[in-house]
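Hi everyone, thanks for coming. Today I'd like to walk you through one structure, so please have a look at it while I talk.

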Amino acid sequence: MYGSFYGWYFKCQSDTQTLAVIPAIHNTRGKRTCSIQVITDNNAWGVTCNADKFQRTKKNIFIGENRFGGKGIYLEICTKQLTVRGKLRFGPLCPLKYDIMGPFALAPFMECRHSVWSMCHSVWGNVYINGEKYSFQNGWGYWEGDQGRSFPKEYLWTQCCFSGGSLMLSVADIPMAGIHFTGIIGVILWRGKEYRIATYLGARVVHIQNKMVRVIQGNLQLEARLLEESGWVLKAPAKGDMVRTIHESASCRAFYRFRIGGHTVFAFETDRASFEFEYPF
């Protein structure tokens, strides 16, 4: 019998520091557990808890003393390897105009469903991780989520907040009804305007190799390139069980280019990008 998972992903950044936190619940083979993964520029940790410590309301997730939601996060973790304590407050969220999955949000038997709760919001507060202070004074944040049975077998995901905007792009192998296809979901928020790039809008991949992807949709073109081989080990779901190993760079060097009708809207290199490239080439 297939298992299931449900989790949120919060990323908070300042000019010099990055903190990402992933609270999740997972069910497999009659076993139910929850976890919190913590990722920084320099390390990553995972904590597994009994499922009775997990509570979910419409607006918040609670795992023991830890709280996660649209107003912020509160962290209180104490294990042999990891001590975390702190509180972060979020400013007004920036949600999408409609579900990032589009009509696929209604499709049954999807392996994984993605959500984007806020493309960019301000972050205030301090978190101490094994004695190191992570300080966010008018920092910026991003919030998304996933639910389903498993992460795609092959996929890439990248996200970046930058001056004037924010972007997210995911390209993945999607199994459905006995076939496989390459699914694309992406959003570019630029100077207050939302540009949606997705399979259900006609987007297609024209290049994906050597840690680079280029997608086009009508007169829109988005390119993302991972410029450094890095990434911390994280756990990801496979039929609900957190046994798959993936690698994520929560803050790394990447290049992005966004074009409309042949005109370059923006092109920049940054060391504040987040990237997962789970393709074998």
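**A walk from one asparagine outwards**

Let's begin with a single residue, Asn 66, which you can find in strand E7, covering residues 66-69. Before we go on, please keep in mind that this is a predicted model.

Is Asn 66 buried or exposed? Its relative accessibility is 5%, so Asn 66 counts as buried. Which residues does Asn 66 touch, leaving aside those up to four places away in sequence? They are Ile 36, Ile 61, Tyr 74, Leu 75, Glu 76 and Ile 77. Glu 76 deserves a second look: its backbone nitrogen lies 2.7 Å from a polar atom of the Asn 66 side chain. For a sense of scale, pick out Pro 280, which is 214 residues from Asn 66 in sequence and 36 Å from Asn 66 in space, going from C-alpha to C-alpha.

Now let's step back to the sheet. How many strands form this open sheet? There are 11 strands, in the order E4-E3-E2-E1-E11-E10-E9-E8-E7-E6-E5, and the pairing is antiparallel. You can spot E7, the strand of Asn 66, in that order between E8 and E6. At the edges stand strand E4 (44-50) and strand E5 (54-56); each has a single partner strand, so one side of each has no neighbour in the sheet. From one strand to the next, the twist averages 20°.

Let's zoom in on one pair of neighbours. Strand E9 (residues 83-90) and strand E10 (residues 112-129) run antiparallel and are joined by seven bridges. If you'd like a place to find on screen, Gly 86 stands opposite Val 127 in E10.

Next come the charged side chains. Side chains of opposite charge can pair when their charged atoms come close. How many salt bridges does a search of the whole structure find? The search finds seven. One of them brings back Glu 76, which pairs with Arg 85, and the closest N and O atoms are 3.5 Å apart. Glu 76 is partly exposed at 29% relative accessible area, and Arg 85 is partly exposed too, at 49%.

Another salt bridge joins the side chains of Arg 214 and Glu 223, at 3.4 Å from N to O. Here Arg 214 counts as partly exposed at 24%, whereas Glu 223 is buried at 4%. These two belong to a network of salt bridges that links Arg 214, Glu 223, Arg 225 and Arg 257.

One more pair is Arg 253 with Glu 269, where the closest N and O atoms are 2.9 Å apart. This pair links distant parts of the chain: Arg 253 sits in strand E20 (residues 241-260) and Glu 269 in strand E21 (residues 263-278), 16 residues apart. Arg 253 is partly exposed, with 33% relative accessibility.

Last topic: the cysteines. A disulfide is a covalent bond between the sulfur atoms of two cysteines. A search of the whole structure finds zero of them. Why does Cys 161 have no such bond? Its sulfur is 3.9 Å from the closest cysteine sulfur, in Cys 120, which is too far for a bond, because the two sulfur atoms would have to be within 2.5 Å. For Cys 160, the closest cysteine sulfur is in Cys 161, at 6.8 Å, again too far. Both are tucked away from the surface: Cys 160 is buried at 0%, and Cys 161 is buried at 5%.

Thanks for listening, and I'm happy to take questions!

Terms used:
Residues numbered from 1 in each chain as written. Predicted model: local features only at pLDDT ≥ 70, side-chain atom pairs only at ≥ 80, totals over all residues. Heavy atoms only, no water. Buried < 20%, exposed > 50% of the residue type's maximum accessible area, 1.4 Å probe, protein only. Helix = DSSP H or I, 4+ residues; strand = E, 2+ residues; numbered from the N terminus. Contact = heavy atoms within 4.5 Å. Polar contact = N/O pair within 3.5 Å; in protein donor to acceptor, adjacent residues only side chain to side chain. Pairing = 2+ DSSP bridges. Axes fitted to C-alpha atoms, helices over the stretch in contact; angles between N-to-C directions. Salt bridge = Lys/Arg side-chain N within 4 Å of Asp/Glu carboxyl O.
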